[in-house]
Amino acid sequence: MLLTHAEAESLLYQEARLLDERRLEDWLGLFTEDGLYWLPMAEGTDPLREPSLAYDDAGGRAQRVYALLHTRHHSQIPPSRTLHCISNLEMEPGATDTEALVRCNLVVYELRPGHRQQYGMGKMRALAGRGEYRLRFQDGWKIALKKILLLDSDQPMTNLTFIV
Amino acid sequence: MAAAYAQLIREAPDDFRIHTSLFTDPAIFEEEMRRIFEKTWVYVAHESEIPTAGDYRTTYIGKQPVIVSRDDEGNIHVLLNICRHRGNLVCRDERGSAGTFRCNYHGWVYKNSGELAGISHPQGYPESVGRDLSGLLPAARVATYRGLIFASLSDQVPSLEEHLGAVRPYVDLWADLSPVGEVRAHRPHSFAYEGNWKFQMENGADGYHPRFVHECAFQTMAHFLSRPVRDSSGMQDIGAIRGFPGGHSILERPGMVGIDPSLFREYTDLLAEQHGIERTQRIIAGYNILIFPNVYLMDSNIRVIQPIRLDETVVHSHYTELCGIPDYVNVARLKDVQWRLGTTGLIGTDDMEIFAAAQSAMQASAMPWLRLSRAMDSEVIEPSGERRADINAESSQRAMYREWLRLMSAS
């Protein structure tokens, strides 16, 4: 059965909710075993040979989530509140029963609550990017690749320690 | 004003303090740009960023916009990015390749060597104008060392080699991480933090903070790595800090930080072939090398510090690929440096959280003095001026602020 537009939307919404509710260990479960979370610095780069903002395989994602949930990660104390908004969802043609490519736009609002007198606190920020999700059917539809190219991916970033 | 700076850095044999106004006074920031960044050698780019004729990148020396270009003959120029006519930027792009730069205001054209190539509708000017305005203003001095390009806007500086002084052999060790002595600086992981530029300068050769600031990274490594954590800067007390005249310093610890060279025999054998076993051991030891006033060389990256405002700084952390080594070693180095010091990495980001918090705290005027006296009593002072102490010493920061004071007080 081909992945429907509604199913793709529902999977991405579910992911957004898990991230926003900081259910990060559940988030790990959305990926295939060989799945990748990739924030490239520019279009067309080779993630093994050129720098990315993030390029996480399963091990990398597990470490990132462990650091966020179980360690003193100062730039996430207090943790970022986030709101992931997904729109402009399009299904690429050529999908099969087991593979689909979904494109979307992503806007993430982020806030670390605190005194506005303190740098980095009390100010809402917005990140925007283009998303590319490769989904694979493996005991349900899973994320084989989450690639987000941020509008400002090659610009100086401030505290990008939450998951986009 | 110059004399007053001596009041802001207090040094006694067992006490070293700096005043918080170094972080909170906008006038001091402006003076730093003039008296430090416009008066000494400043790192501007790596040669590998402009590998072929016509390549350029734009950057800043303090607040001064510059173009670092390679002309048609392959010579490197550092040119002020301001049209000689009415002061417009002649190049807005961060990097690219061009034979000429054309001012988009009135169309004056400059060669990539800086030479004025043409004035549009020149009949409106006396004939001498082309001679008087020979081209874009060049930096007073430009020099490269092991691929690192430095420029000085003042000609009252020693040679670059002399300026590097005692830190130069460490730059050699860093460049020799490539058996062919060639590194390629990639597009940087770039950060903007809300804090003064000196926080990052102080931090990169500070061996006292990692076990606290980087608890997250150490806990994560300990949880996931099957082999013992090698990063001694945070977990052990071995290693050293060396502060040098000129404001430079070294944080030194045995063994590379992120990757274990014993896993890469093919790579270390290549180094040993070139340099012998003893020097190879020195090359692959871990160093954070601070070259005052704006660059760190750390194992797999070049970390460039760009002051923007009193309370805003940009850091460009360029991953450096090593030429002449097996591909898989570079793949491992990139993965490691990105995980530690990249934009979403676990180490650099927590440093910057501290910088923002420190900048926030400096508003507390009841506590105007910051203490940098750690290990003053045990510091070994060499005839060369090098001061060496254990890895938790604040010898690096003291070296830096002595040079800060020298430059800020110079007439």
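Hi everyone, this is a short talk about the contacts between and within chain A and chain B.

Before we start, this is a predicted model, where local features need pLDDT of at least 70, side-chain atom pairs count only at pLDDT 80 or more, and totals for chains, interfaces and linings use all residues. Residues are numbered from 1 along each chain as its sequence is written, chains are lettered from A and ligands numbered from 1 in the order in which they are written, and side-chain values use heavy atoms, with hydrogens and water left out.

Let's begin with the interface. How many residues of chain A are in contact with chain B? There are 40, and they meet 36 residues of chain B; contact here means heavy atoms within 4.5 Å. The size of an interface is often given as the accessible area lost when the parts come together. For chain A and chain B, the buried area is about 3,200 Å², and carbon and sulfur atoms give 54% of it. That area is what the two parts lose on being put together, taken with a 1.4 Å probe and summed over both. On the side of chain A, the residues that lose the most area to chain B are A:Gln63, A:His74 and A:Tyr119, together 22% of what that side buries.

Now for the polar part. The rule finds 5 salt bridges across this interface, a salt bridge being a side-chain nitrogen of Lys or Arg within 4 Å of a carboxyl oxygen of Asp or Glu. One of them joins A:Arg72 to B:Glu215, at 3.4 Å from N to O. There are also 21 residue pairs in polar contact between the chains, both residues at pLDDT 80 or more. A polar contact is a pair of N or O atoms within 3.5 Å; within protein, one must be able to donate a hydrogen and the other to accept it, and residues adjacent in sequence count only if both atoms are side-chain atoms.

Which elements give two or more residues to the side of chain A that touches chain B? They are β2 (52–56) and α3 (58–70) of chain A. Helices (H or I, at least four residues) and strands (E, at least two) are DSSP runs, numbered from the N terminus. Helix α3(A) gives the most, with 6 residues.

Let's look at α3(A) itself. Its 13 residues reach 17 Å from the first C-alpha to the last, close to the 18 Å expected at 1.5 Å a residue; the expected span is 1.5 Å times one less than the number of residues. At the N-terminal end, A:Asp57 acts as a cap, with a side-chain oxygen 3.2 Å from the backbone nitrogen of A:Gly59. Several residues of α3(A) are buried, including A:Gly60, A:Gln63 and A:Leu68. Buried means under 20% relative accessible area, exposed over 50%, and partly exposed in between, with a 1.4 Å probe and protein chains only. The buried residues of this helix pack against α2 (24–28), β1 (31–40) and β2 of chain A, together with α8 (215–224) and α11 (327–341) of chain B.

On to α11(B). Its 15 residues should span 21 Å at 1.5 Å a residue, and its end C-alpha atoms are 21 Å apart, which agrees. Among its buried residues are B:Arg333, B:Asp336 and B:Gln338.

B:Gln338 brings us to A:Ser52, in strand β2 of chain A. Is A:Ser52 buried or exposed? A:Ser52 is buried, because its relative accessible area is 0%. Not counting residues up to four places away in sequence, A:Ser52 touches residues of both chains, among them A:Trp38, A:Pro47, B:His189 and B:Gln338.

Finally, some salt bridges within a chain. Over all chains, the structure holds 43. B:Glu30 and B:Lys63 meet in one of 2.9 Å, N to O. This pair links distant parts of the chain, 33 residues apart: B:Glu30 is in helix α2 (residues 26–37) of chain B, and B:Lys63 is in the loop between β4 (55–61) and β5 (64–70). B:Arg34 and B:Glu31 also form a salt bridge, with their closest N and O atoms 2.9 Å apart. Both lie in helix α2 of chain B, 3 residues apart, about one turn of the helix. B:Arg34 is partly exposed at 43% relative accessibility, whereas B:Glu31 is buried at 13%.

Thanks for listening!
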